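Please find below a short note for a colleague who is meeting this structure for the first time. The points are numbered for ease of reference.

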Amino acid sequence: MRAVLWLAAIAVAFAAADTYVVVLALPDMMAGVGLSIEELQRAAPLISGFLLGYVAVLPLIGRLADLLGHLPVLVGGLVVFAFGSFLTALSWDLAAMVVGRFFQGLGGGALVPATLALVAALYPAERRGVPLGLVSAVQELGSVLGPLIGAAVLAVADWRAIFGLNLVVGVVLAVAIRKLGRADSVRDRPRRPDLIAMLLLVVAGAAFVLLAVEPTALVQDLTWGALYVPAAGSTRWLTPLGLVTIIATVGFLVKCGLRPGVRRVLGRIAAEVDLLGALLLSFALAGVILAFATADPEVAVFSEQGTWYLVAGGLALLGFVFHLRRAQDPIVPRGAFARTPAWGSVLISFFVGAALVAALIDVPLFARTTIYGDSQLKAALVLLEFLVALPVGAVAGGFLTRRLPAGVIAGGGMLLAAVAFVFMARWDADALRSLSATVVLVAGGLGFGLALAPVNAAILATTEQSMHGLTTSFTVVARMVGMLVGISALTTIGLRSYYAAQADLPSLSSVCTGGGMCEEYQDLLIGAAIAQEHTVFAGAAVCAGIAALLSVVLLRGAPTRALSPTETVTAL
């Protein structure tokens, strides 16, 4: 089972890498579906669609991991991730690509809580620190590998090859985990393959590939070209090939659902999972995600439509709270977060995410504003020092969790991150050319890394094992929501500083006497942009400081340490 755990950790790292790969490949993906770089706002669903899949249904997936077991959810998550990669790679328009990205997020999001819960199932509370630190480290390592993988693939192929690679890796890992999981359990009787379901799947896949690729010889043929003529409108889904894809896919799903084993699982889910509660919670999370993911920070923290998303999400949340009080077996069991470290871990994760996103987004922006204005790649590589230090800190935090209280480690890590942001808030235009900036970035990465394992260890140690998939899913949700709210709020506040600094600038004609934009005036504009970044870094320092204080106060008493020297020797 421990081999399965490390394969799961690799899967988590690869899914995390995919997020950062997409950021690099986004302009090419937009061009692939007919969007220009000036239409960036129209491409926002590529991000929000992924986040919806990753976050909105995560509590339900966590509950399914507790009910069905961690291995089926890991394998299922990888299969869904591979399916989403397949759809994205062959997308011909924005709608198809958004659907593919949604399934990628859905599959990738399922991996994290299932892997953390698997750690809890394999190790006692006092020995979880190191494996939790390693899982957190490989997850953050994905953020380092993502841009490198993307750059390497884009150097030799187009953006579709990235998702082709995701498809292959997802399938290989799913097969390997399933095989190892079966080897560690009682073998089932061999099952006869469902030939009809396999045939329907092959037909659906072949029709979809032909629909997406549009071979010239086939399209231009007088007979076969009719397969590409829509019955109505202009969408490819209403062509004969599109209809065959839809019908064969539905047939495959129905045929699989009729299998006795699948019927038993579905019946168990219907009987034991609070689907109404899961639906209400998903709507509430979706409202928050869409409100902030569709925001234009230059205008407001959330968009005009975002207000309605928040209203809808708020109504869903009220319905969820009302439902929890009446449901006999709600999706979030009563008392699941009764202990302070349990709900405290969720709250801390929110502020960790709000602070972390400032480093991930604004350090490269600062680099591009000051010294790498002509190179997006060089500006992004400045963050590499931070991202390399982060997994190192995660492993160190796991080791320290054996000996020190979780609140002390997490609080110390976030305090270190807060101090790093304070120094960033004082950077000048030449700061990144000095060694001190490297020290600050490494310290910030180490600080965030130190906090990851103790927070996860605290929630696992203070919740029932039968709820670990569900409870850890909430820490992931809180961190992602924190990142969304953080980047939107901090960017909006930072832009106000920029506009205020720009308003105080002298007129262009008074500085540039020769006409046009002179170097002196460009320096003044850069100064205004630096003021914006200083505000963002200062806000991130506040968020990190809050996380540090909450860690010390709320994680106090979490039983994450080895209880005695004898137990420590035994654990080693």
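1. In this predicted model, Arg433 and Asp430 form a salt bridge, their closest N and O atoms lying 3.5 Å apart. Side chains of opposite charge can pair when their charged atoms come close. The structure holds 1 salt bridge. The two partners may be described by their accessibility: Arg433 has a relative accessible area of 59% and is therefore exposed, the threshold being over 50%. Asp430, with a relative accessible area of 48%, is partly exposed.

2. What is the overall make-up of the chain in helices and strands? The chain has 22 helices and 0 strands. Of its 572 residues, 50% are buried. Among contacts with a separation of 6 or more, 80% are between residues 24 or more positions apart.

3. The interior deserves attention. The largest nonpolar core comprises 126 residues, and those touching the most other members are Phe386, Met414, Phe421, Trp427 and Phe448. Helix 14 (residues 340-370) gives the most to this core, contributing 15 residues. A second, separate core has 18 residues, including Val22, Met29, Trp159 and Ile162.

4. Which residues does Trp427 contact, once its neighbours within four places in sequence are left aside? The partners of Trp427 are Phe366, Leu432, Ala437, Val440, Leu441, Ile530, His534 and Phe537.

5. The packing of helix 3 (residues 58-68) against helix 4 (residues 70-89) may also be examined. Their axes are 6 Å apart and the angle is about 135 degrees. Helix 3 is therefore oblique to helix 4, since an angle over 145 degrees would be needed to count as roughly antiparallel. On the side of helix 3, the contact involves Ile61, Leu64, Ala65, Asp66 and Leu68; helix 4 supplies His70, Pro72 and Val73. By class, the residues of this contact are 6 nonpolar, 1 polar and 1 charged.

6. A final point concerns Ala396, which lies in helix 16 (residues 384-401). Is Ala396 partly exposed or buried? At 31% relative accessibility, Ala396 counts as partly exposed, because buried residues are those under 20%. Ala396 and Gly133 are 263 residues apart along the chain, yet their C-alpha atoms are separated by 7.3 Å.

Methods. Residues numbered from 1 in each chain as written. Predicted model: local features only at pLDDT ≥ 70, side-chain atom pairs only at ≥ 80, totals over all residues. Heavy atoms only, no water. Axes fitted to C-alpha atoms, helices over the stretch in contact; angles between N-to-C directions. Helix = DSSP H or I, 4+ residues; strand = E, 2+ residues; numbered from the N terminus. Parallel < 35°, antiparallel > 145°, perpendicular 65-115°, else oblique. Contact = heavy atoms within 4.5 Å. Nonpolar A, V, L, I, M, F, W, Y, C, P; charged D, E, K, R; others polar. Core = buried A, V, L, I, M, F, W, Y, C linked by side-chain atoms within 4.5 Å. Buried < 20%, exposed > 50% of the residue type's maximum accessible area, 1.4 Å probe, protein only. Salt bridge = Lys/Arg side-chain N within 4 Å of Asp/Glu carboxyl O.
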